[in-house]
Amino acid sequence: MPIDPERFERIAKALADPRRFQILEKIANCREVGCQRLCEQFPVAQPTMSHHLKELARAGLIEPWREGQFVFYRFRADVLREYVNALEARLGMGTPSAGQRLPEQRQREVAERARRETGG
């Protein structure tokens, strides 16, 4: 199922913030991680960390859950894969034939230019 434009934009914005990306990396490299541990590993105030986590969760890149008073997060690789596929499609990288057409087209242009320059 293609990713809708609004979700695509939300994910792009979430990934664009360097600190947020670092937090996502940390979560992705752990099976699961608690908010408290993240706050200890990054030099940001707890409300700032909560904001970053909220934006990552809103984009669907992480999944939060509670155990008592503690909140934990896990990385959603499937969502990132959807985003990367959509990005490739938007940039015309999704189909191998599109990438193969450009060199063939370029070869025809070079051959045509050579033919014109030689008068043939």
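How are α2 and α4 oriented to each other? Let's start there and then zoom in on other spots in this predicted model.

**Close-up 1. Helices α2 and α4 pack against each other at about 75°.**
Here the two helix axes sit 10 Å apart. An angle from 65 to 115 degrees counts as roughly perpendicular, so that is the word for how α2 and α4 lie relative to each other. On the α2 side, look for R19, R20, I23, L24 and I27, which meet M49, H51, H52, L53, E55 and L56 of α4. Keep E55 in mind, as this residue comes back in a later view.

**Close-up 2. Helices α1 and α2 also pack together, this time at about 95°.**
Two packed helices are described by the angle between their axes and the distance between the axes. For α1 and helix α2 (residues 18-28), that distance is 5 Å. The two are roughly perpendicular to each other. From α1, the residues making the contact are K13, A14, L15 and A16, and from α2 they are P18, R20, F21 and L24.

**Close-up 3. R10 and E6 form a salt bridge inside one helix.**
Side chains of opposite charge can pair when their charged atoms come close. Here the closest N and O atoms of R10 and E6 are 3.3 Å apart. Both residues belong to helix α1 (residues 5-16), and the four-residue step between them is about one turn of the helix. Is E6 buried or exposed? E6 is exposed, with a relative accessible area of 57%. If you go hunting for others like this pair, a search of the whole structure turns up six salt bridges.

**Close-up 4. R7 and E82 form a salt bridge, with 3.6 Å between their closest N and O atoms.**
R7 lies in helix α1 and E82 in helix α5 (residues 77-90), so this pair ties together parts that are 75 residues apart in sequence. How accessible are the two partners? R7 counts as partly exposed, at 22% relative accessibility. E82 is partly exposed too, with a relative accessible area of 31%.

**Close-up 5. E55 of helix α4 pairs up with R58.**
Their side chains meet in a salt bridge, at 3.5 Å from N to O. E55 and R58 are three residues apart in helix α4 (residues 46-58), which puts about one helical turn between them. Is E55 buried or exposed? Buried means under 20% relative accessible area, and E55 has 19%, so E55 counts as buried. What else does E55 touch, if you leave aside its neighbours within four places in sequence? That leaves A14 and R20, both in contact with E55. You have met them already: A14 is part of the α1 side of the contact with α2, and R20 is part of the α2 side.

**Close-up 6. Aromatic rings pair up, and W65 and F72 are one example.**
How many aromatic pairs are there? The count comes to two. In the pair of W65 and F72, the ring centres are 5.6 Å apart and the planes are at 25°. Planes under 30 degrees apart count as stacked, so that is what this pair is called. W65 has another visitor: R74 lies over the face of its ring, at 4.2 Å from the ring centre.

**Close-up 7. The charged end of R90 sits over the ring of F8.**
Here the distance to the ring centre is 3.8 Å.

Notes:
Residues are numbered from 1 along each chain as its sequence is written. This is a predicted model: local features need pLDDT of at least 70, side-chain atom pairs count only at pLDDT 80 or more; totals for chains, interfaces and linings use all residues. Side-chain values use heavy atoms; hydrogens and water are left out. A salt bridge is a side-chain nitrogen of Lys or Arg within 4 Å of a carboxyl oxygen of Asp or Glu. Buried means under 20% relative accessible area, exposed over 50%, partly exposed in between (1.4 Å probe, protein chains only). Rings of Phe, Tyr and Trp (its six-membered ring) pair if their centres lie within 6.5 Å; planes under 30 degrees apart count as stacked, over 60 as edge-to-face and the rest as tilted. A charge sits over a ring if NZ of Lys or CZ of Arg is within 6 Å of the ring centre and within 35 degrees of the ring normal. Contact means heavy atoms within 4.5 Å. Axes are lines fitted to C-alpha atoms, for helices over the stretch in contact, and angles run from 0 to 180 degrees between N-to-C directions. Angles under 35 degrees count as roughly parallel, over 145 as roughly antiparallel, 65 to 115 as roughly perpendicular and the rest as oblique.
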